[in-house]
There are 2 protein chains.
Amino acid sequence: MSLSELDGAALAAKETAAEAQYRELCGRNLILDMTRGKPAPDQLDLSNGLLTAVTPDDHLGEDDEDYRNYGMGTGIPEAKRLFADFLDVAPDEIVIGGNSSLNLMYDFIAGAVLHGVPGSDRPWGQETPPKFICPVPGYDRHFLVCEKLGFEMVTVDMQDDGPDMDAVEALVADDPAVKAIWCVPKYSNPTGAVYADTVIDRLAAMTTAAPDFRIIWDNAYAEHHLGNGPAKLKNILEACRAAGHPDRPVLFGSTSKISYAGAGVAVLGGSKANISDIADKMAVANIGHDKLNQLRHTRFYGDLDGIRDHMNKHAALIGPKFAAVDEALNRHLAGKGIATWTKPEGGYFVSVDVLDGCAAEIVRLAGEAGVKLTPAGATFPKGEDPRDRNIRLAPTFPALDEVQLSMEVFCACVELVCVRKLRSAGT
Amino acid sequence: MSLSELDGAALAAKETAAEAQYRELCGRNLILDMTRGKPAPDQLDLSNGLLTAVTPDDHLGEDDEDYRNYGMGTGIPEAKRLFADFLDVAPDEIVIGGNSSLNLMYDFIAGAVLHGVPGSDRPWGQETPPKFICPVPGYDRHFLVCEKLGFEMVTVDMQDDGPDMDAVEALVADDPAVKAIWCVPKYSNPTGAVYADTVIDRLAAMTTAAPDFRIIWDNAYAEHHLGNGPAKLKNILEACRAAGHPDRPVLFGSTSKISYAGAGVAVLGGSKANISDIADKMAVANIGHDKLNQLRHTRFYGDLDGIRDHMNKHAALIGPKFAAVDEALNRHLAGKGIATWTKPEGGYFVSVDVLDGCAAEIVRLAGEAGVKLTPAGATFPKGEDPRDRNIRLAPTFPALDEVQLSMEVFCACVELVCVRKLRSAGT
């Protein structure tokens, strides 16, 4: 029964019970952390073969190239083949970066601000201001890049099959200052949504006032399923090419949540015109990225099937944590009309929407009970959720029993804060 | 006897002899390369212990921190201590980067263009245009960064003890658009000059119209001597602090020519205000750099004495190559009045000045004889040497016998082109 249907006395009794439960949980003196999408140590252990993949006796690449030295600024050919398969592009449609796809995205966007991109009439920074479409809820670090690089962030709603395309099409149609859109197309951060083919086709085909509009395709979770295998995703580069907009998408990915979060390999894919422009910019800014780490990765994973086998092992470790989150949410909150949540098939997050105006207080109370959550609002530009209702849960890093305990606290906080909200609304 | 003192007949005979010698060398069908400052394979082998320094059984940092995961965006504490000693700064005056100090420099300057630095009234990019002091001859990749980021490059002469400080002081005194100067203070690229204490003191003390003037202190060859131990260099950060300009210098270094050119560790040092600003910018652009590679380096080298022991081994390998360059230059060109050259005590280059108007032709002829040299003009902004006289030799990568052969070709080309020049001048 929805709590909003309870009468005043019943709600008061609910609040008393919720307060007692919350106090009991506070008494346990927990110290738990569900803030960041970090892999757990047992996930990192899966890739320790990386550490012995390149040895003093066996450090040369194919054709006996010495990857210890300078050169090959856009990556070693072995890595280009492996990660071209991973991004579903051709080996000449890719650049291999360092250990951070965020860094590749930042550099791409900063380069566009300073210099423009193929098709630009002038640098993006000369728009006053340039605008970036941000589906919400979304990823805080995407928004921070926009904020620091001077973009006005225009939000559109994230739906179950991708961004609200009616809104996106309306935004891009007339305003040439609207330069780009953030997309996490598979197991989106934080909702877990997978973009539908129809959404991808509309992104590819839409008419944009900006001749140099870009889709920032952050496919961070391309192979990161939770047990049922990776979802299918329509190829954005092919879709854009077919629609006559080959330079529109720029694809990003990394092994941060495949190998090591701190020592992986990041990659960028796109049309040959984009790759050439990016390689030119990179050649000015950098002597090239760590090729030995690229070699470690290509040797350890071998090919895309190797990555997929490896991701099944990750799924076996984190799948139960996501199941525990869903179980707790169902057990405590189902049918009460105070929260909805996603049940992702992959990625690193569960997104919870609570009653309007309750998210920040829930996060605060959970923190006081010893459970650190991602700050409320983090999934919106500038950290401001206009309805104060979205909370991102990140269950991968804590151990399973810690996830279970954290969820007891979280659900208790949701119930307590939402009951109080309903009572204050009723008075 | 200087060739310029020869009469016409004697010069004609010289030209005939030089042409014969050049043709003979061409007939050997050489394929040699002295273009880039790359370490040779035997130098890289010195650091192969890096490849086994972090293992599956021993991958945790001090305090059992897991460097495989996210976090510690400015570097691991072990690396901060080691490289603080290396840069001669405090451990809280350093940031550890990825594998490219050029990338740290580019990001620093691009950040200044977009946002400014501590002390800025406005972003550097709002000057029309911002100006950068470039001692010449200098490093082509420095100049390329300036060019792409929209700076006007103002040259000053590089002297035996550093840049012409009278010229530098005059440039910075009145024009607030003059924002920075490039300095390679020890074994400068390409002349090998070491900055004198008096030069460093003047850089530290000079009055600049720009409140946010920066010295880009690219100490790329801090420990890179050729046999007689590293030269002493006055501490720029301390000198600037003593002069009341603590934020003026930003120090850069890397292990690119200590460990691996393609997989080293780059570092940045400076005042706490600069470090804080740089760390903030880095936190937006990056998830942090490869901490396992930092750990490899700290374990393999241990401390600054370990780096110095290691650099003695480098000197033993490359010292003879530099000696061969000097021997050939002396044997072929001394006293002829057509070339002067540096005899560096460290670094990666020898700088040769030939008769005005001859450098490009010498490089062209050497190339036709199978010896690739750094393009003439590369040591000047936009690749334009106004006197067409400077040539950079990079003897580290080829084997010793290849260096010797290359120098035979080079000296023959110098003689041939300069004799022709003298003859045409005489007609």
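Helices and strands here are DSSP runs, helices of at least four residues and strands of at least two, numbered from the N terminus. The model is predicted.

**View 1. The loop residue D121(B).** D121(B) lies in the loop that runs between helix α4 (101-115) and strand β3 (131-136) of chain B. A residue is exposed if 12 or fewer other C-beta atoms lie within 10 Å of its own. D121(B) has 10 C-beta neighbours inside 10 Å and therefore counts as exposed. A84(B) is 37 residues away along the chain, and its C-alpha atom is separated from that of D121(B) by 30 Å.

**View 2. Strand β13 of chain B and its partner β11.** In a regular strand, side chains alternate between the two faces of the sheet. Strand β13 (residues 390-393) of chain B is covered on both faces. N390(B) and R392(B) are buried on one side, and I391(B) and L393(B) are buried on the other. Strand β11 (residues 350-354) of chain B pairs with β13(B) in the antiparallel sense, over four bridges. In this pairing, N390(B) of β13(B) has D353(B) opposite.

**View 3. The contact between chains A and B.** The contact involves 42 residues of chain B and 42 residues of chain A. On the side of chain B that touches chain A, two or more residues come from each of α2 (41-45), α4, α5 (140-148), α9 (272-285) and α10 (291-301) of chain B. Helix α4(B) gives the largest share, five residues. By type, this side of chain B divides into 21 nonpolar, 14 polar and seven charged residues.

**View 4. The relation between the two copies.** A turn of 180° with a shift of 0.0 Å along the axis lays chain B on chain A with an RMSD of 0.0 Å. This is the relation of a two-fold axis. Because 100% of the interface residues of chain B are also interface residues in chain A, the copies meet through the same surface.

Terms used:
Residues numbered from 1 in each chain as written. Chains lettered and ligands numbered in written order. Predicted model: local features only at pLDDT ≥ 70, side-chain atom pairs only at ≥ 80, totals over all residues. Buried ≥ 20, exposed ≤ 12 C-beta atoms within 10 Å, placed from the backbone. Pairing = 2+ DSSP bridges. Least-squares fit on C-alpha atoms with pLDDT ≥ 70 in both. Contact = placed C-beta atoms within 7 Å. Nonpolar A, V, L, I, M, F, W, Y, C, P; charged D, E, K, R; others polar.
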